[in-house]
Amino acid sequence: PGLQSEILEDMVPMSVSRGTRIAVCCALMECALAFVPAALPPLRTSRRSPGSASIACNLRQQGGDAIDRRSVLLGSAVAAVAWYTGSSPAQAAAITAKIPVWSLEGGVEMPTLALNTAGLTVEGTERAVRLALAAGITHVDFHPGTERNGVARAIRSGGRAGLFLTTKIDKPPPGTTPAAAAAMARSQIDADLRALGVDSVDMLMLRDSPDCAVIQAQWAVLEEARKSGKTRAIGVINFCESALRCVLATATIAPAVNYFLLHPGMGPDAHGLRSFGETRGIRSFVYGALGEPAPLPELLTSPVVTRIAKEHGRTPEEVALRWALQSGVAVSVRPTAAFGLGFSKCKDDSVCGAGLGMRAGSFGWTLTDTEMAALDGMQGPDQNPTLFSSSGCPGGFVF
């Protein structure tokens with residue numbers, strides 16, 4: 001009973017409907033007769049539980065007492081959720097696999113898998129947030145403007161509770177003075193909070209600048225925002241080593257995270273950027289697990305990636321994402337692989353929901369040490385981890 005309770009509490013989140021949680025409970029603990037008739041909504045005959053007794057019998061026939069009890073219960077939970085909800089195995093795994101969190105300074109718990117809304121329309125962002133929540137993804141990583149407005153609509157319809165909101169400060173135009181850049185950051189924070197209809201966000205992230213004084217002036221504004229309660233945590237985006245040295249030189253609060261590009265073929269240390277930040281207490285939060293500014297064919301057709309995908313019955317997308325997560329970074333993911341420079345798609349509940357379910361399900365399986373080593377050792381496709389940085393960092397993307 002203790003282990004069974006732990007499974008339900010840890011692996012079937014409270015965000016899942018009461019009916020689904022009870023269905024899992026029925027399949028695992030034979031509690032149907034106690035309370036199901038009164039608790040579950042009317043179901044079609046084809047959706048009624050086959051009963052945990054028959055599940056247990058089948059498991060005994062296949063493996064006897066040698067089967068690991070926790071694995072049996074987890075596998076049964078996935079099967080029960082998929083069967084009850086009519087979802088795919090990937091979506092069921094997303095429901096039953098709990099997304100880990102990081103404990104940041106000040107007790108802030110940051111989910112390590114985020115929805116990346118980059119390039120989505122207002123309607124697409126609102127839809128993606130709703131579908132992400134259904135898949136168990138509560139961390140929403142968005143830009144000001146169009147995506148922010150879509151998040152605002154999602155908040156108005158579904159509420160703020162349970163969401164971890166991460167947004168970004170716009171880059172000031174070249175030639176902006178430090179004082180003017182600070183004023184712009186301060187004004188944007190207030191405008192974004194008004195547009196979202198909230199008192200605070202969970203994470204504010206600062207973009208780099210070729211002018212170190214501008215970085216330092218804007219970082220001081222983010223520190224003010226954290227101290228005043230307008231944000232719970234602060235981080236940086238696409239900061240190369242020189243930009244990190246700049247911000248740390250005057251910071252009273254170090255960045256909680258550095259948000260940069262990482263995918264197989266770049267190496268797990270992202271050309272040394274990851275270890276440079278992490279040895280200074282800055283965690284690595286990455287995007288572009290499939291490549292940027294669009295999915296890289298060389299990555300998704302790589303013999304190493306496709307071989308591992310085949311061995312696990314997974315897609316190359318899943319392997320690339322699992323590699324990043326298993327490397328110990330937090331990851332921000334697009335809802336599907338239909339994205340490119342300046343656009344991303346979430347137009348259909350079925351396609352977008354399946355994509356998000358697959359991504360959330362990444363915590364339900366693992367790569368072997370040998371597979372991780374093979375992916376770590378890939379020599380390409382390689383990219384600059386701070387691809388979207390300013391001219392202050394080497395190799396920035398030119399729009």
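Helix α10 covers residues 212-228, and a little arithmetic lets us check its length. At 1.5 Å a residue, its 17 residues should span 24 Å, and the C-alpha atoms at its ends are 25 Å apart, which agrees. Keep in mind as you look that this is a predicted model.

How does this helix begin and end? At the N-terminal end of α10, aspartate 211 serves as a cap: one of its side-chain oxygens lies 2.9 Å from the backbone nitrogen of alanine 213. After α10 comes glycine 229, which has a positive phi, near 90 degrees.

Now look along the helix itself. Val214, Ile215, Gln218, Trp219, Val221, Leu222, Glu223 and Ala225 are the buried residues of α10. What covers them? Their cover includes three strands, namely β5 (164-169), β6 (201-207) and β7 (231-237). It also includes two helices, α9 (178-196) and α11 (241-250).

Helix α11 brings us to the disulfides. A disulfide is a covalent bond between the sulfur atoms of two cysteines. How many disulfides does this model hold? The count comes to 3.

One of them pairs cysteine 212 with cysteine 246, with 2.1 Å between the sulfur atoms. This pair links distant parts of the chain, since cysteine 212 belongs to helix α10 and cysteine 246 to helix α11, 34 residues apart. The link of these two cysteines is right-handed, with 105 degrees about the S-S bond. Are its two ends buried or exposed to some degree? Cysteine 212 has a relative accessible area of 32%, so it is partly exposed. Cysteine 246, in contrast, counts as buried because its relative accessibility is 8%, below the 20% cut-off.

Another disulfide joins cysteine 240 and cysteine 393, whose sulfur atoms are 2.0 Å apart. Cysteine 240 sits in the loop between β7 and α11, while cysteine 393 is in the segment after α17 (369-376), so this pair ties together parts that are 153 residues apart in sequence. Here the link is left-handed, at -80 degrees about the S-S bond, and both cysteine 240 and cysteine 393 are buried.

The remaining pair is cysteine 346 and cysteine 352, with an S to S distance of 2.0 Å. Their link is left-handed, with -105 degrees about the S-S bond. Cysteine 346 counts as buried because its relative accessibility is 3%, and cysteine 352 counts as buried because its value is 1%. If you number the bonded cysteines along the chain, the disulfides follow the pattern 1-3, 2-6, 4-5.

We met α17 a moment ago, as the helix that comes before the segment holding cysteine 393. Which of its residues are buried? They are Glu371, Met372 and Leu375. Seen down the axis of α17, these buried residues fall within an arc of 100 degrees, so they line one face of the helix. Asp369 and Thr370, on the other side of α17, are exposed. What do the buried residues of α17 pack against? Their partners are α14 (303-312) and α15 (316-326).

A single residue is worth a visit too: arginine 334, found in the loop between β10 (330-333) and β11 (339-340). Is this arginine buried or exposed? With a relative accessible area of 11%, arginine 334 is buried. Its side chain reaches the backbone oxygen of alanine 118 at 3.1 Å. Leaving aside residues up to four places away in sequence, arginine 334 touches Asn116, Ala118, Glu292, Pro293, Phe339, Gly340, Phe343, Ser344 and Arg359.

Finally, step back to take in the whole protein chain. Its secondary structure comes to 17 helices and 12 strands. Of its 399 residues, 51% are buried. How much of the contact network joins residues at least 24 apart? Among contacts between residues at least 6 apart in sequence, the share is 73%. The chain exposes about 17100 Å², and carbon and sulfur atoms supply 56% of that area.

Technical notes: Residues are numbered from 1 along each chain as its sequence is written. This is a predicted model: local features need pLDDT of at least 70, side-chain atom pairs count only at pLDDT 80 or more; totals for chains, interfaces and linings use all residues. Side-chain values use heavy atoms; hydrogens and water are left out. Helices (H or I, at least four residues) and strands (E, at least two) are DSSP runs, numbered from the N terminus. The expected span of a helix is 1.5 Å times one less than its number of residues. Buried means under 20% relative accessible area, exposed over 50%, partly exposed in between (1.4 Å probe, protein chains only). Contact means heavy atoms within 4.5 Å. A polar contact is a pair of N or O atoms within 3.5 Å; within protein, one must be able to donate a hydrogen and the other to accept it, and residues adjacent in sequence count only if both atoms are side-chain atoms. A disulfide is a pair of cysteine sulfur atoms within 2.5 Å. The arc is that of the directions from the helix axis to the C-beta atoms. Accessible areas come from the Shrake-Rupley method with a 1.4 Å probe; for residues, only the protein chains shown count as cover.
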